[in-house]
Amino acid sequence: MTEYIIPIVIVALLVIIISYLKIVPQATEYVIERLGKYNKTWGAGLHFLIPIIDRIAKKVTLKEQVLDSPPQPVITKDNVTMRIDTVVYFKVFDAKLFTYGAVNPISALENLAATTLRNIVGELELDDTLTSRDTINGKMTDILDSATDQWGIKVNRVELKNIIPPTEIQNAMEKQMKAERDRRETLLEAEGHRAAVITRAEGDKQAMILAAEGERDARIARAEGEAKAIYLAKKAEADGLAALREAGADAAVLELKKFEALVAMSNGTASKIIIPTDAVEMTKANVIFSETAGLGDVTSPAAKVEEPAKADPCCE
């Protein structure tokens, strides 16, 4: 019988020893107390707990946690009561402070978030509350993070999940939204009409400018053509006179050319013809010469008309 007692005792001791071997998981810490007093904090790994003397006071997770608060009534600066619910993201950075800093750190954090939200929203009006989510989130994060340091809690961020105003406020907001949309629609229509009118006017203006430029270019082209024609005519005439001079034409030929020019001028539609002085003098000289020499009088005398013979009354 005695020979069985020793193995039994050894097995019992091994069982007890094994039962006091503790494995701490990753991202978890155990707070250990020895004889009722804080002793150490175990990190991830294998640890041995001394029986009777040591005990595990608290198991703390180091993962980020989410505290979802239910909707709570909040009064704004302009005395509008609305319901707002928040979401707080936090994690424990010190297991000892989290264990001994507050009786229930999670409940304390939830109540602190509620009171902080009331204080911040109480300083804002309804419109500012609805449009200042980022401002409220930032202020709550800073306040909660600073206040929870003594609890071993790190507040990463705070988000307002829902803002629920009263029913009558919602109806008024919907009417305001509809009126704003109608106003924007009217403005857009007016802007479109104005843009269309401006575009049409610009098009008409460009068309008139192009037409005027075309007319101007046409007149310039016609004027240049006429000027070139006149230039070519004068040049041809000058070339003809130069050719006559080079050919040794005498004054008689030149005078003949002048008479031809006068004949060409008389064939036009002009009501008045200005004759050069030398042409007049030349004509006078020719007339005087003809009268003196008896030349040029080519007009035959008028024929004599024979009168019928009168009857002699005495012979009848």
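A residue counts as buried under 20% relative accessible area and as exposed over 50%, with partly exposed in between (1.4 Å probe, protein chains only). By that yardstick, buried residues make up 19% of the 316 residues in the protein chain. This is a predicted model, in which local features need pLDDT of at least 70, side-chain atom pairs count only at pLDDT 80 or more, and totals for chains, interfaces and linings use all residues. Residues are numbered from 1 along each chain as its sequence is written, and side-chain values use heavy atoms, leaving out hydrogens and water.

The protein chain holds eight helices and nine strands, which are DSSP runs numbered from the N terminus (helices: H or I, at least four residues; strands: E, at least two).

Let's follow one helix, α5, which spans residues 133–147. Which residues of α5 are buried? They are I136, N137, M140, T141, L144 and D145. These residues cover an arc of only 145° around the axis (taken from the directions from the helix axis to the C-beta atoms), so they lie on the same side of α5. The face turned away from that buried side carries the exposed D142 and S146.

Now look at the neighbours. The buried residues of α5 pack against β8 (81–92), α3 (105–121), α4 (126–131) and β9 (153–164), where contact means heavy atoms within 4.5 Å. Among the contacts in the protein chain with a separation of 6 or more, 61% come from residues 24 or more positions apart.

Definitions and conventions:
The expected span of a helix is 1.5 Å times one less than its number of residues.
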